[in-house]
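Thanks, everyone, for making the time this morning. I would like to walk you through one model, so please have the sequence and the structure open while I talk.

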Amino acid sequence: MMAETTTRPVNLILLGPPGAGKGTQARMLEEAFGLVQLSTGDLLRGAVASGTPAGLAAKTVMDAGELVSDEIVLAVLKERLDGPDLAKGTILDGFPRTEAQARALDTLLAAKGQKIDAAISLKVEDEAMIARVAGRYTCAACGEGYHDDFKQPREEGMCDKCGGMEMKRRADDNAETVRTRLQAYHAQTAPLIEYYNARGTLTEVSAMGDITVIAADLDAIVGKLTQVS
Ligand code: ADP
Ligand code: ADP
Ligand code: ZN
């Protein structure tokens, strides 16, 4: 039988410590498959910037490198999950980060007749992730991610994607906060690998190679999910 495109949205989770490359790969998957990246970090930074009550509550926690409460994160995500632009599906980047969030997500999706199709765990050594976070910066206009050593724009100081000239660095991307974030990952988020393994949706991918090599691995995985035969 010929493969045909599925009409049900495809929902992916990218799991991994800070600096694993979740955001970088999510943006590439968006372009390749028409899925929409939902980053709870970006949603929370948006709430902080606009000074909403959720943002005010989240700011000090984020600056310290700890996890924002499930209640706040779920409220922010829930609102976004109802977006009309998610017809093809989503790439959840940085969510869920606790088992309570994972369970709440299953319930939210079930209410829409959807599910998690794959939880992709990006495996990266702690040393590598510290170097990645330390050199990270993004385009202020479009959010494209760059790195001092590993992903420089073609022209220094200018975004490849949109031509923007303003680059920014996150306040929490400092050596001290990164250690706290890494601890939070190992204690609260890494157990989700087993959560999704037990549900048959886990795929593990090495995230130690080049960005393009990892992208090719993910393309192969996601390509299979977006087709039914
Ligand atoms: P995450 O969203 O998981 O925190 P990012 O996608 O923001 O991670 O990547 C962290 C930093 O490392 C960014 O500066 C990015 O350009 C860079 N980066 C991403 N993937 C790789 C890779 N495979 N090798 C080297 N650097 C990478
Ligand atoms: P990274 O991928 O580098 O870890 P994120 O942008 O995903 O960074 O997250 C930045 C911060 O936002 C986290 O350290 C945490 O304080 C908060 N945050 C983001 N997503 C969640 C979540 N799902 N649950 C709790 N806190 C979150
Ligand atoms: Zn840009």
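Let me begin with Lys-151, which lies over the face of Tyr-146, at 5.3 Å from the ring centre, and please keep in mind throughout that what we are looking at is a predicted model. Tyr-146 also has an aromatic partner, Tyr-137, and these two rings are stacked, with 5.8 Å centre to centre and 25° between the planes. Tyr-137 and Tyr-146 are both buried.

How many aromatic pairs does the structure hold? There are 2, and the other pair, Tyr-195 with Tyr-196, is edge-to-face, at 4.9 Å centre to centre with 75° between the planes. Tyr-195 and Tyr-196 are buried as well, and Arg-199 lies over the face of Tyr-195, at 3.5 Å from the ring centre.

Now to the metal. The zinc ion, ligand 3, takes its protein donors from the SG atoms of Cys-139, Cys-142, Cys-159 and Cys-162, lying 2.3 Å from the ion, and along the chain these donors follow the spacing C-x2-C-x16-C-x2-C. Among them, Cys-142 and Cys-162 link distant parts of the chain, 20 residues apart: Cys-142 sits in the loop between strand S6 (136-139) and strand S7 (145-147), while Cys-162 sits in the loop between S7 and strand S8 (167-168).

Why is the arrangement around this zinc ion called tetrahedral? Because the 4 donor atoms subtend angles of 101 to 115°, and for four tetrahedral donors the ideal angle is 109.5 degrees.

Finally, on accessibility, Cys-142 is partly exposed at 26% relative accessible area, and Cys-162 is likewise partly exposed, at 41%.

Technical notes. Residues numbered from 1 in each chain as written. Chains lettered and ligands numbered in written order. Predicted model: local features only at pLDDT ≥ 70, side-chain atom pairs only at ≥ 80, totals over all residues. Heavy atoms only, no water. Donors = N, O, S within 2.8 Å, 3.2 Å for Na, K, Ca; no water. Tetrahedral: all angles 85-135°; square planar, octahedral: opposite > 155°, others 65-115°. Helix = DSSP H or I, 4+ residues; strand = E, 2+ residues; numbered from the N terminus. Buried < 20%, exposed > 50% of the residue type's maximum accessible area, 1.4 Å probe, protein only. Phe/Tyr/Trp six-rings, centres within 6.5 Å; stacked < 30°, edge-to-face > 60°. Lys NZ or Arg CZ within 6 Å of the ring centre and 35° of its normal.
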